[in-house]
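Reader: Hello! I'd love a close look at one part of this model, the helical region and what surrounds it. Could you walk me through it?

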Amino acid sequence: DDFVLMVITADIGSVMVDSGRIRSGFSQTAGQIAHLRVSDEPRECPCGRTGCLAVMASDDAVTRTAIEHGLPARNIDEVLALASAGGAAAIEILEQRNRYVGRAASSLLDIHDPELLVVAGTPAETPAFFGSLIAEVGKYAHAGHGAAGRVVLSSDHVFSLSLFAGATLVDALLADPLGVLGFGEGEGSLS
């Protein structure tokens, strides 16, 4: 009934569920975590700031970092394959990504204090590197290791992504109910 779902893939976002209800926020943007600052590195984000979760931890960011380190990877699956084969550089890149995710998770835990924080997406597909995420939560969250104990990997990756997609649709419906039904601005007037 009370959890935050973080989804880390090529896209980044979160869904907050409070007392069994998705929290969409005043302006329907609750859960937009892609631009939380998680690094002091000067990697510029399209939003104009640097060190955002999107440019440090998304699947595309991981792939870019692998290429910058000279790894023969064209996408996240190839980075994962290199790590699975024991490639030290690929392993370190994935662990660093999970540290960035852990910093963002720490902020969510501190701000929302959910019963659970569920991590879905690529980090959930690589449980061998989950320890670096948990360690970072223990280091940065106000409740320390107590907060880290509430972070879990999604046990059902497909369900988690379905919930995230469903929440996106709910957000669209709440933002513009008549537009979702096919009425343009002003066309859905009941008068």
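Author: Right after helix H2, Gly70 adopts a positive phi of about 80 degrees. This is a predicted model, so please read every value here as computed from it. Helix H2 itself covers residues 59-68, and its buried residues are Asp59, Ala61, Val62, Thr63, Thr65 and Ala66. Those buried residues of H2 are covered by elements that include strand E1 (3-8), helix H1 (53-57), H3, H4 and helix H5 (122-125).

Two of those covering elements, H3 and H4, also pack on each other. Helix H3 spans residues 76-84 and helix H4 residues 88-112; the angle between them is about 120 degrees, and their axes lie 7 Å apart. The crossing in which H3 passes H4 is left-handed. On the H3 side, the contact is made by Val79, Leu80, Leu82 and Ala83, while H4 brings Ala90, Ile91 and Leu94. Sorted by type, the residues of this contact are 7 nonpolar, with no polar and no charged ones.

H4 also lends itself to a friendly length check. With 25 residues at 1.5 Å a residue, H4 should span 36 Å, and its end C-alpha atoms are indeed 36 Å apart, so the two values agree. Just after H4 comes another positive phi, this time of about 50 degrees, at Asp113.

Next, the cysteines. A disulfide is a covalent bond between the sulfur atoms of two cysteines. The structure holds 0 disulfides. Why is Cys45 not bonded to Cys47? The sulfur in Cys47 is the closest cysteine sulfur to that of Cys45, but at 3.7 Å it is too far for a bond, given that a disulfide needs the sulfur atoms within 2.5 Å. The sulfur of Cys52 also has its closest cysteine sulfur in Cys47, and there too the distance is 3.7 Å, too far for a bond. Cys45 is buried, with a relative accessible area of 3%, and Cys52 is buried as well, at 1%.

To place all this in the whole chain: the protein chain has 9 helices and 5 strands. Starting from the N terminus, its elements follow the order β-β-β-α-α-α-α-β-α-α-α-β-α-α. Of the 191 residues in the protein chain, 43% are buried. Among contacts with a separation of 6 or more, 55% join residues 24 or more positions apart.

Conventions:
Residues numbered from 1 in each chain as written. Predicted model: local features only at pLDDT ≥ 70, side-chain atom pairs only at ≥ 80, totals over all residues. Heavy atoms only, no water. Axes fitted to C-alpha atoms, helices over the stretch in contact; angles between N-to-C directions. Helix = DSSP H or I, 4+ residues; strand = E, 2+ residues; numbered from the N terminus. Left-handed = near helix turned anticlockwise from the far one by under 90°. Contact = heavy atoms within 4.5 Å. Nonpolar A, V, L, I, M, F, W, Y, C, P; charged D, E, K, R; others polar. Buried < 20%, exposed > 50% of the residue type's maximum accessible area, 1.4 Å probe, protein only. Expected span 1.5 Å × (residues − 1).
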